[in-house]
Amino acid sequence: MSRVIEAISQRRLLFFPLDRKKEIRAEFERVALAQLPYLYTSAFYLTKDKADAEDMVQETYLRAFRFFDKFQPGTNFRAWLLSILQNLFINRYRQKRREPTSVNWDKIDEVYESMVEQDENMEGGNPEHHFVSQMMDDEVEKALRGLSEEFRTAIVLVDIEELTYEEAAKVMESPLGTVRSRVSRGRRMLQVALKEYGQGRGPVKE
Amino acid sequence: MDCKNYQGIISAHVDDALSPKERWAVQTHVNQCPKCRQMYIWETQVARDLKRKLFPLEARPALKERILEQLGESHGESFWGWSYGKHGVLAAITLLLVVTVPYLFWQNGAEENVFNHAIAQYQEVSLGGTPTAQRAVSKTPTARLLDLSPWGYQILSRQSHWVGGKQGRTFVYSRGPGEEYLMAQEFEGMEISPPSGGSVVRTSNRDFVSYSKGGVNLVAWKDKDMLCILASKLPKKKLMGLAQRVAFPS
């Protein structure tokens, strides 16, 4: 992380002289706007609405700029931005959309285990038979959008945003064990959903 | 631990997200158990393919432009630390006209004007700017009654100003990144009356006026000679609760 960002962390932005602020803003834009696709991706998967996602990303940047001094140099800047985004979603957007979270775990596990078992019974096994590899990118995206929020968020943070489990736990404000469980279960649900899509049916839910 | 337990953390093992002790335990089990070994191979492939199939989405170029424009507006500085950009100057002039003309007719409905003015100022805050008040003065004030630091709020900006012939102080607070902003205003010698569409809650012989407009909630009360206002996008109940805690700190 640059020296400018380190300097910012020492003092509040408000007290810098104007020419210094220009430098800080330029640095913020350079570093933060590089994260735009990642922020937009998370916002879109959280809200499932392009306009809401854009509004949320825009506000995240404004807040990040205001609180730039709170960023700890040496930590993951993308994870910090995603924490702001996640809080904003919880405070403002989540109230609009209450999603059903009831999932038939027995059914999910049963279908998933049969998929793995079926593969195992084939001569030599062939992991290429799993449905993720067989589907088009947009079908996988669609299946991801169909997961309930907590599992969708865990998959997005780990598999798309490339955060570590510890960073994802901080963003989600959840224990590490919860993130492990959500990634594991989320991937299973995704595979089962893709299998169902592949067979022309809807995802397995109660 | 049985197979079920190990299978629950195989994904984390695939992602190299286990402690050395856990990693050793899982790997030892996977080496000995054909079913879990098959699941490990399967999940390794799935994780690899998911990362290949799911990638960051492209945002519209217009979004980047919007962000840059807003950052510019929230970044420009006046000498007392309030923000404006190139559009902010025009907005400030417009706002000055908007607030100066009603000032001439201030005698009736003054409090309602204060409330609407507060809401307009809050909306400026939530758009990334900072509120611009009439006849702002350059000194940086200290809150006499609305110091919200005991409730975990950090002050982001402050300003003294004159509204409707009364001296006021405006403070913008937040509890941290991603949290809703809270705007607090104090006006000396200003009366309180419920605006149309507002309601009054009476607690411990004190009236709390609640008013909402444009998604912004507002609570106002009198403390001796001071009119106190809190405005935020926080839910009404939460804002009222905070107002009452501030009004009755003990």
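Two residues are in contact if their C-beta atoms, placed from the backbone, lie within 7 Å. With that in hand, welcome to this structure. Residues are numbered from 1 along each chain as its sequence is written, while chains are lettered from A and ligands numbered from 1 in the order in which they are written. This is a predicted model, in which local features need pLDDT of at least 70 and side-chain atom pairs count only at pLDDT 80 or more, while totals for chains, interfaces and linings use all residues.

**Chain A**

Let us begin with the overall make-up. Chain A holds 11 helices and 0 strands. Helices (H or I, at least four residues) and strands (E, at least two) are DSSP runs, numbered from the N terminus. Of its 206 residues, 41% are buried. A residue counts as buried if 20 or more other C-beta atoms lie within 10 Å of its own, as exposed if 12 or fewer do, and as partly exposed in between, with C-beta atoms placed from the backbone. Looking at contacts in chain A between residues at least 6 apart in sequence, 70% join residues at least 24 apart.

Helix α4 of chain A is a good place to pause. This helix covers residues 50–66, which makes 17 residues, and spans 25 Å from its first C-alpha to its last, close to the 24 Å expected at 1.5 Å a residue. The expected span is 1.5 Å times one less than the number of residues in the helix. Because 12 of the 17 residues of α4(A) are buried, this helix is largely enclosed by the rest of the structure. Among the buried ones are A:M56, A:V57, A:Y61 and A:F65.

Helix α3 of chain A (residues 36–47) packs against α4(A) at an angle of about 130 degrees, and the axes are 8 Å apart. Axes here are lines fitted to C-alpha atoms, for helices over the stretch in contact, and angles run from 0 to 180 degrees between N-to-C directions. The two helices α3(A) and α4(A) are therefore oblique to each other. For these labels, angles under 35 degrees count as roughly parallel, over 145 as roughly antiparallel, 65 to 115 as roughly perpendicular and the rest as oblique. The crossing of α3(A) past α4(A) is right-handed; a crossing is left-handed if the near helix is turned anticlockwise from the far one by less than a right angle, and right-handed if clockwise. Residues of α3(A) including A:L39, A:Y40 and A:F44 take part in this meeting, and on the α4(A) side the participants include A:A53, A:M56 and A:T60.

α3(A) has another partner in helix α9 of chain A (residues 149–160): their axes come within 10 Å and cross at roughly 165 degrees. α3(A) and α9(A) are therefore roughly antiparallel to each other, and their crossing is right-handed. Here A:T41, A:S42, A:Y45 and A:L46 in α3(A) meet A:R152, A:T153, A:V156 and A:I160 in α9(A).

**Chain B**

Chain B brings in strands: its elements are 8 helices and 7 strands. Buried residues account for 36% of its 250 residues. For contacts in chain B between residues at least 6 apart in sequence, 55% join residues at least 24 apart.

In chain B, 7 strands form an open sheet with antiparallel pairing, in the order β1-β2-β3-β7-β6-β5-β4. At the edges are β1 (154–163) and β4 (199–203) of chain B, each pairing on one side only. Neighbouring strands of this sheet are turned by 20 degrees against each other on average, direction ignored. Two strands pair if DSSP finds at least two bridges between them. The table gives three of these pairs.

| Strand pair | Bridges | A bridge partnership |
|---|---|---|
| β2(B) and β3(B) | 6 bridges | B:R169 with B:E186 |
| β4(B) and β5(B) | 5 bridges | B:V200 with B:V209 |
| β5(B) and β6(B) | 6 bridges | B:S210 with B:V219 |

Two hairpins deserve a look. The hairpin of β4(B) and β5(B) has 2 residues between the strands, and B:S204 takes a positive phi near 45 degrees there. In the hairpin of β5(B) and β6(B), with 2 residues between the strands, B:G214 has a positive phi near 55 degrees.

Helix α8 of chain B (residues 236–247) lies across β4, β5, β6 and β7 of chain B, running at about 20 degrees to β6(B). Elsewhere in chain B, helix α4 (residues 34–53) has 20 residues, which should span 28 Å at 1.5 Å a residue, and its end C-alpha atoms are indeed 28 Å apart. Its buried residues include B:M39, B:W42 and B:L50.
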